Amino acid sequence: MSFWEYANPKKFMGWTAPVLPYVFGAAALCLTVGLVWGFFFTPDDYRQGSTVKIIYLHVPAALMAINAWIMMLVASLIWVVRRHHVSALAARAAGPIGLVMTLIALFTGAIWGQPMWGTYWAWDPRLTSFLILFLFYLGYMAMWEAIEDPDTAADLTSVLCMVGSVFAILSRYAVNFWNQGLHQGASLSLDAEENVSDVFWIPLVICIAGFVLLFIGLVLLRTRTEIRARRIRALEARARRA
């Protein structure tokens with residue numbers, strides 16, 4: 001059986017229905033364990049105090065905000081190359097989720113930045129590129145709503161997604177590109193000499209897993225909704241022609 005057969009709307013609806021409860025259940029378990037462990041059973045940092053615990057929301061949200069856009073890019077490229085409607089609908093479904101993740105990252109970053117930097121906002125390279133990414137999310141969602149023909153909307157939003165990917169990459173690697181930025185380096189990195197302390201590392205990884213599972217579940221759920229909405233529009237158009 002070809003992998004692409006799972007992109008068939010009927011088969012997609014069939015295999016996602018039984019999978020969703022397990023995905024959301026695993027996400028709820030990871031988030032509950034990770035957040036409770038992180039906020040209540042880890043010590044304060046010797047320099048940052050209790051504000052260090054914002055990483056259990058900020059880091060996973062920022063990670064998913066960037067990776068959501070990358071997922072949208074991959075889905076958009078599949079649409080452009082293979083014209084699979086489910087891939088375009090999956091990209092559309094991921095937009096609002098990525099937007100919320102970006103908002104969480106910006107808000108929690110501001111909460112952390114005020115006691116650490118003395119201000120809620122600074123025009124740091126990573127913060128600025130993240131704000132631009134947020135605006136791209138808004139533009140992406142607005143373009144889907146503004147264009148009536150779904151295939152044309154999918155084509156144009158795919159182009160927008162490719163352009164916005166530049167800022168997704170900048171959001172991830174801005175600290176490496178511009179050393180003068182205020183933002184600290186990555187908390188988790190395979191090539192970093194120093195990562196977050198081990199006492200914070202395990203609950204942080206659990207929280208990241210929870211955010212990843214939550215994102216997957218929400219994308220699957222919203223894609224199912226988009227497929228149903230597309231079917232309804234097709235039936236309405238057929239009824240008007242009749």
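This is a short walk through the salt bridges and a nonpolar surface patch of the structure above. The model is a predicted one, so please read every value here as computed from that prediction.

Let us start with the charged side chains. Searching the whole structure turns up 5 salt bridges. A good place to begin is Arg92, a residue of helix α3, which spans residues 85-117. One of its partners is Glu145, and the closest N and O atoms of the two are 3.1 Å apart. Glu145 sits in helix α4, residues 125-146, so this pair connects distant parts of the chain, 53 residues apart. How much of each partner can be reached from outside? Arg92 has a relative accessible area of 14%, and it counts as buried because that value is under 20%. Glu145, on the other hand, is exposed, with a relative accessible area of 61%.

Arg92 has a further link to follow. Glu226 also forms a salt bridge with Arg92, with 3.8 Å between the closest N and O atoms. Here the chain is bridged over 134 residues, from Arg92 in helix α3 to Glu226 in helix α6, which covers residues 198-241. Glu226 is buried, at a relative accessible area of 11%.

Stay with helix α6 for a moment and look for Arg230, which lies in that helix. Its side chain meets the side chain of Asp151 in a salt bridge, at 3.5 Å from N to O. Because Asp151 belongs to helix α5, residues 150-177, the pair ties together parts that are 79 residues apart in sequence. Both ends are partly exposed: Arg230 has a relative accessibility of 23%, and Asp151 has a relative accessible area of 27%. Shared partners, meanwhile, join Arg92, Glu145, Arg222 and Glu226 into one network of salt bridges.

Now turn to the surface and its nonpolar side chains. A nonpolar patch of about 870 Å² is built from Leu29, Val33, Val36, Trp37, Phe40, Phe41, Trp201, Ile202 and Val205. Which elements give two or more residues to this patch? They are α1, residues 9-40, and α6. The largest share comes from α1, with 5 residues.

On the α6 side of the patch you can pick out Trp201, which lies in that helix. Trp201 counts as partly exposed, at 39% relative accessibility. Helix α6 therefore appears in each part of this tour: it holds Glu226, a salt-bridge partner of Arg92, it holds Arg230, the partner of Asp151, and it contributes to the nonpolar patch.

Notes. Residues are numbered from 1 along each chain as its sequence is written. This is a predicted model: local features need pLDDT of at least 70, side-chain atom pairs count only at pLDDT 80 or more; totals for chains, interfaces and linings use all residues. Side-chain values use heavy atoms; hydrogens and water are left out. A salt bridge is a side-chain nitrogen of Lys or Arg within 4 Å of a carboxyl oxygen of Asp or Glu. Helices (H or I, at least four residues) and strands (E, at least two) are DSSP runs, numbered from the N terminus. Buried means under 20% relative accessible area, exposed over 50%, partly exposed in between (1.4 Å probe, protein chains only). Patches are made of residues with over 30% relative accessible area and no salt bridge: like charges are joined within 9 Å, nonpolar side chains (Val, Leu, Ile, Met, Phe, Trp, Tyr) within 5 Å. Accessible areas come from the Shrake-Rupley method with a 1.4 Å probe; for residues, only the protein chains shown count as cover.
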